[in-house]
Amino acid sequence: MFNRNRFLRPVAAIASLSLMAGCGLLSDGSSGGKRPIVVGTTSAPSTLDPAGAWDGSWELYRNIYQTLLAYPNGATTPQPDAAQSCSFTDSTSRTFRCELRAGLKFGDGDPLTASTVKYSIDRIRTIDAPGGPAGLLGSLDRVQAVGDREVVFHLNQPDATFPFVLATPAMSIVDPNDYPARSLRKDGEVHGSGPYRLQSYEEGKQAVLVGNGNYRGFAQRQNDAVTIRYFQDSADMVKALRAKQIDVTYRGLAADDILALQQHGDSNLQLVDGAGTDISYLVFNPKDPWAKEPAVRKAVAQIVDRGAIAHKVYKDTVDPLYSMVPKGLTGHTTGFFDDFGDPSVPKARKILSDAGIHQRVPLTLWYTTDRYGSETAQMFQELKRQLEASGLFSITLEGRPWKTYVVGYQKGEYPVFGRGWFPDFPDADNFIAPFVGDHNALGTPYPSKEITGQLLPHSRAESDRARTVKDMEQAQQILVNDARLIPLWQGRQFVAASEDVSGGEQALDPSTIMMMWMLHRKTSW
């Protein structure tokens, strides 16, 4: 979601706002030509089956699958897509009804009906894949298909956030003829009803998308085809952008590359700097003999210098974060700063000594080597430096590629590990609920009865999300008190593009997922 008060500037060029409004990502140019728009990203899918992923795979899903609800350009609340209309039918937010559009079909012509939607949602819970999105459906009791076009969701508790859940790509509708009811699809094929068909896919290399003539929904494609290329690091991606091998980058620009584009870039490129809600944080595993100690976790929280990380590692392209709920969302607090203040070794030493810990604490910190951007390894080196410089910790660093990294933390192998979070939907609930409870997105059980049993149910009964602030503030304070999760930084969104491509600013939905159909080539200046 972009701050529209920020303006777009062509890289290394000086121009007035009125001039820039006529070109670049802010222009209203129409699509031109049949040449595919090529988009670069460092975030490759972990699986092509929506029932198996609660991660950046959603960026592909949004464009090839369809959900009942989604976010048209400019919307901040879910609007009908595969559905013609949706609403709660009761005053307690426990019964949610959707009527489907008429004539829905998958890309191969198979019909999409109410029973198809029920099948798709039910299989998510049946499969319950490790790292999958079943945890998003905790408030769902059952799905009912009424005729061909009516779907009714019966909830086990009031949940005003349920429409937001249905709008996530995790709830993508799949064809029962092609997707097993009890296992993930593994043949590398996709049958969806979204704006595009997946024509071909090379894991870790590229996805070729072509227009789906059977699509019925709000999206109006501004291009005929999009190719998504997956890169291992930012430098190679920017090199490809400068060489005109790709047209747009939308995820994974490194700080050095952003600065280079800003300061010494090419006047034929454009850069958008917008607000973001993605966050980076540390997770402590209570199975580890040291990480389970509250004093150890709080001592780490007391030492970590977020400002140094943001400045030294990320060159001020991210902002320090002092709560799991980022700035810009209703209910955000600064709990970690309020309780711990500035980094302090004496305070950390006292926290440990008061708990009877007088030796250097050995901790192993794990990170993924091919996700969250090129600076991840540098950030963990900086964390190691900070913690060891205190004289209170001995730090070992370990890294793994994402696919094996996920398996490791789900098995509880890591004492402390890094994670990033791109929101499922723009609500404070989504920066708390996924991380707590026995079944959460981290694979590390975090029972918190006050949050899961009181605060979240109470807030979800409130359809006016502005009235949930007290509940969200209390939940954040519990997270601070436990220090099981330690927030580090909040990102900003940078999109770089060649001068002849438009639509990039409008292409990011409130979860900062790119709607590829908004991209198009200018036909004139």
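**A walk through the predicted model**

Ala483 counts as buried, as its relative accessibility is 0%. That is a handy place to start in what is, it should be said early, a predicted model. Ala483 sits in the loop that runs between helix 14 (469-482) and strand 18 (485-498). Its backbone is a little out of the ordinary for this text's purposes: phi of Ala483 is near 55 degrees, a positive value in a residue other than glycine.

Lys315 makes a good companion to look at next. This residue, not a glycine either, has a positive phi of about 55 degrees. Lys315 is also a loop residue, placed between helix 8 (306-313) and strand 14 (318-320). Here, though, the surroundings leave some surface open, and Lys315 is partly exposed, with a relative accessible area of 30%.

One more loop residue deserves a stop. Gly504 belongs to the loop between strand 19 (501-502) and strand 20 (520-521), and it is buried, at a relative accessible area of 0%. Gly504 and His520 are 16 residues apart in sequence, while their C-alpha atoms are 8.7 Å apart in space.

On to the cysteines. The model has one disulfide, and the partners are Cys86 and Cys98, with 2.1 Å between their sulfur atoms. The torsion about that S-S bond is about 115 degrees, so the disulfide is right-handed. Cys86 lies in strand 5 (residues 83-88) and Cys98 in strand 6 (residues 95-100), so the bond ties together parts that are twelve residues apart in sequence. The two ends differ in how covered they are: Cys86 counts as partly exposed because its relative accessibility is 21%, just past the 20% under which a residue is called buried. Cys98, on the other hand, is buried, with a relative accessible area of 0%.

Cys98 also leads to the inside of the model, since it is one of the residues in contact with Phe153. Beyond the neighbours within four places in sequence, the contacts of Phe153 include Leu68, Phe96, Val117, Ile121, Leu140, Val143, Phe162 and Leu166, along with Arg94 and Arg142. Phe153 is a busy residue in the largest nonpolar core, which has 104 residues; Leu68, Phe153 and Met514 have the most contacts inside it. The largest share of this core, five residues, comes from helix 3 (residues 114-127). Apart from this core lies another, of 37 residues, among them Ala299, Ala301, Phe336 and Met379. As a general point, nonpolar side chains in soluble globular proteins tend to be buried together.

Ala299 and Ala301 bring up helix 7, where both are among the buried residues. This helix is mostly covered, with eight of its ten residues buried. Arg297 and Gln302 are in the buried set too, next to Ala295, Val296, Val300 and Ile303.

What does helix 7 pack against? The axes of helix 7 (residues 294-303) and helix 10 (residues 345-354) come within 8 Å and cross at roughly 180 degrees. An angle over 145 degrees counts as roughly antiparallel, so that is how helix 7 runs relative to helix 10. On the helix 7 side, the contact is made by Ala295, Val296, Lys298, Ala299, Gln302 and Ile303, and on the helix 10 side by Lys347, Ala348, Ile351 and Leu352. Sorted by type, the residues of this contact come out as seven nonpolar, one polar and two charged.

Conventions. Residues numbered from 1 in each chain as written. Predicted model: local features only at pLDDT ≥ 70, side-chain atom pairs only at ≥ 80, totals over all residues. Heavy atoms only, no water. Disulfide = S-S within 2.5 Å. Helix = DSSP H or I, 4+ residues; strand = E, 2+ residues; numbered from the N terminus. Buried < 20%, exposed > 50% of the residue type's maximum accessible area, 1.4 Å probe, protein only. Core = buried A, V, L, I, M, F, W, Y, C linked by side-chain atoms within 4.5 Å. Contact = heavy atoms within 4.5 Å. Axes fitted to C-alpha atoms, helices over the stretch in contact; angles between N-to-C directions. Parallel < 35°, antiparallel > 145°, perpendicular 65-115°, else oblique. Nonpolar A, V, L, I, M, F, W, Y, C, P; charged D, E, K, R; others polar.
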